[in-house]
Amino acid sequence: MFQVRIHGRGGQGVVTGAEMLSVTAFFEGRHAQAFPSFGSERTGAPVVAFCRIADREIRLREPIIEPDCLIVQDATLFKVIDVFAGLSSDGYLLVNTNKSLDELHIRNAVDRLPKGHAVIVPATEIALKRVGRPVPNAALLGAFAALTQFVHIDSVKRAIEAAFPGQVGTANVAAAGDAYEFVLSQQSAATAA
Amino acid sequence: MLKQIEGSHAMAEAIALCRPEVICAYPITPQTHIVEGLGELVKEGSLVDCEYINVESEFAALSVAIGASAAGARAYTATASQGLLFMAEAVYNASGLGLPIVMTLGNRAIGAPINIWNDHSDAMSMRDSGWLQLFAETNQEAVDLHIQAFRIAEELSMPVMVCVDGFILTHAMERIDIPDQTAVDAYLPPYDPVQVLDPASPISIGAMVGPEAFTEVRFLAHYKQMQALRLIPEFAGEFARQFGRNSGGLLRAYRTEDAELLVVAMGSICGTIKDTIDEMRDDGIRVGLVTIVSFRPFPVDALRNALAGAKDVVVIEKSVAVGMGGQLADNIGAAIRNLTRAPRLHSAVAGLGGRSITRASLHHLFRQAAVQPWEGTHFLDLNEKVVGREIHRKRKNRRSGPTAENILRQLAIATGLPAAE
């Protein structure tokens with residue numbers, strides 16, 4: 001079972017992100033369970049959503065305590081809550097930011113992960129360019145596909161189209177594609193270095 | 001058809017497949033996306049011959065369902081938590097009049113203190129109201145139970161409450177098989193009422209009944225629920241043959257063969273318990289689970305058979321009768337007390353007001369029950385430090401203030417964060 005925890009703030013589409021990831025896995029014939037951290041959701045308040053993916057029925061109903069991947073939609077959260085709680089030692093970290101991991105002062109946590117398992121992606125910037133709104137969730141799923149290779153980018157795009165029909169979907173698909181390419185190029189640059 | 005879909009929306013689609021003729025809802029917290037989804041289906045025209053009525057309160061929602069049902073319509077509504085309490089009088093009326101309404105309860109806690117999260121307090125508050133109460137373990141079962149519920153309700157002419165864990169199931173998006181209309185039509189015949197208000201053939205429903213007949217009316221209600229003990233497994237069997245999967249029934253056993261320790265629970269917690277049991281079985285511990293689907297009627301005989309061989313029984317439930325303990329444990333105690341070698345019964349209350357129930361805590365609880373059992377009711381993951389301090393403070397200070405606020409303040413001090421606004 002692969003467990004993803006998405007951290008963000010109310011209004012950033014955290015729950016929709018987890019749901020679209022579950023649909024991505026569903027399109028690939030897998031079992032997936034997406035659910036929010038239940039609570040009163042206010043715009044701007046820290047929000048968590050979860051997604052489990054497995055090849056058999058998922059029975060577990062506890063929150064994701066030991067994630068295999070963290071998607072952080074808002075880098076200011078590192079100062080507010082323990083985002084890294086329970087992250088497995090061979091886990092992945094995906095951060096939506098314009099800054100480098102060093103500038104975020106999370107080098108200690110990143111160094112505990114295998115090389116290449118932590119990346120940044122300017123998902124909000126990409127979303128503003130492609131969608132015209134600061135909604136980084138779809139772009140981050142594209143980046144997730146590139147980082148983990150756990151789902152195919154085509155399935156991600158299909159899931160985004162299913163969630164947002166029409167032009168909004170097309171724009172978000174483009175954002176996911178950009179973020180996917182961004183992470184791949186970042187990784188190949190790191191390998192070359 | 002397999003869909004990756006939110007539990008509430010899957011239930012809305014399943015209810016629409018049952019061709020309800022009247023849906024009443026009061027669309028405010030506490031409510032689920034189920035009635036919202038049904039509203040959309042009616043508006044877009046995919047649910048036809050159905051009147052969707054927005055009412056002014058939960059009391060009105062069920063009252064309108066009662067009227068509709070008495071007029072011969074297949075009636076549905078949904079509520080949760082305080083909403084169920086507000087319709088309490090109508091809840092008793094629906095069952096007292098023998099009207100086959102189906103209602104979803106998206107289980108949530110009851111305040112005060114205000115809390116919107118999941119537990120079973122709402123269902124337990126109406127456990128003696130005369131409604132049948134079926135608990136779904138998964139969203140698939142929630143879908144399937146609604147289809148079975150209309151069948152059971154209308155066969156008996158009694159209302160059925162389908163209890164589905166709020167948030168944990170209602171807000172989870174997962175793979176669910178939505179049956180097709182032909183299959184549901186084949187399983188669920190059109191509603192053929194045993195009593196109907198019809199101007200062409202006038203009768204009255206809801207007579208004043210004095211001491212001369214009240215006992216008999218109540219006895220017949222009880223008799224119907226006893227009949228349901230036979231009907232529920234029969235209809236679940238028919239469902240399994242027609243739809244190819246097991247859903248519903250009175251109860252289900254999981255790895256109970258040769259088990260010395262049996263856990264009994266209801267609802268979505270059973271999934272986490274099954275994973276815990278698999279891990280404990282790998283360690284050689286003989287443990288199994290009995291999932292109760294039908295809480296009302298309470299399957300006394302089936303439970304007695306299921307639990308007879310065990311040394312220890314742990315009942316874990318998301319509700320507490322303050323001053324007594326767990327209601328489910330109490331009912332199970334009554335079911336097994338006449339066994340010649342009754343298992344030891346251990347009662348645990350967990351998940352109140354939405355507290356997460358983790359495998360780690362369950363492991364500890366189940367091991368403790370066999371080795372070092374507790375007395376009375378155990379509150380899983382109780383913060384004893386906070387409780388102890390508050391008891392101490394109340395002893396020292398007469399005007400000790402409101403409990404909930406005091407506890408929140410203590411927690412805020414412990415975490416170094418500002419107290420909740």
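Helix H4 of chain A is largely enclosed by the rest of the structure, because eleven of its twelve residues are buried. The model described here is predicted. Besides this helix, the briefing covers a sheet in chain B that is built from seven strands.

**Helix H4 of chain A**
- Helix H4(A) comprises residues 137-148 and spans 16 Å from its first C-alpha to its last, close to the 16 Å expected at 1.5 Å a residue.
- Among the buried residues of H4(A) are A:Asn137, A:Leu140, A:Leu141, A:Gly142, A:Phe144 and A:Leu147.
- Several alanines of H4(A) are buried as well, including A:Ala138, A:Ala139, A:Ala143, A:Ala145 and A:Ala146.
- A:Gln149 follows H4(A) and has a positive phi, near 55 degrees.

**The sheet of chain B**
- The sheet is open and mixed in its pairing, with the strand order S3-S2-S4-S5-S7-S6-S12.
- Strand S3 (51-54) and strand S12 (294-296) of chain B stand at the edges; each has a single partner strand, so one side of each lacks a neighbour in the sheet.
- On average, neighbouring strands of this sheet are turned by 20 degrees against each other, direction ignored.

**Strands S6 and S7 and the helix packed on the sheet**
- Strand S6 (residues 132-135) and strand S7 (residues 160-165) of chain B run parallel and are joined by four bridges.
- B:Leu134 has B:Val162 of S7(B) opposite it.
- Helix H7 (residues 139-156) of chain B packs on the sheet, where it touches strand S5 (102-107), S6 and S7 of chain B.
- The direction of H7 makes about 170 degrees with that of S7(B).

Technical notes:
Residues numbered from 1 in each chain as written. Chains lettered and ligands numbered in written order. Predicted model: local features only at pLDDT ≥ 70, side-chain atom pairs only at ≥ 80, totals over all residues. Pairing = 2+ DSSP bridges. Helix = DSSP H or I, 4+ residues; strand = E, 2+ residues; numbered from the N terminus. Axes fitted to C-alpha atoms, helices over the stretch in contact; angles between N-to-C directions. Contact = placed C-beta atoms within 7 Å. Expected span 1.5 Å × (residues − 1). Buried ≥ 20, exposed ≤ 12 C-beta atoms within 10 Å, placed from the backbone.
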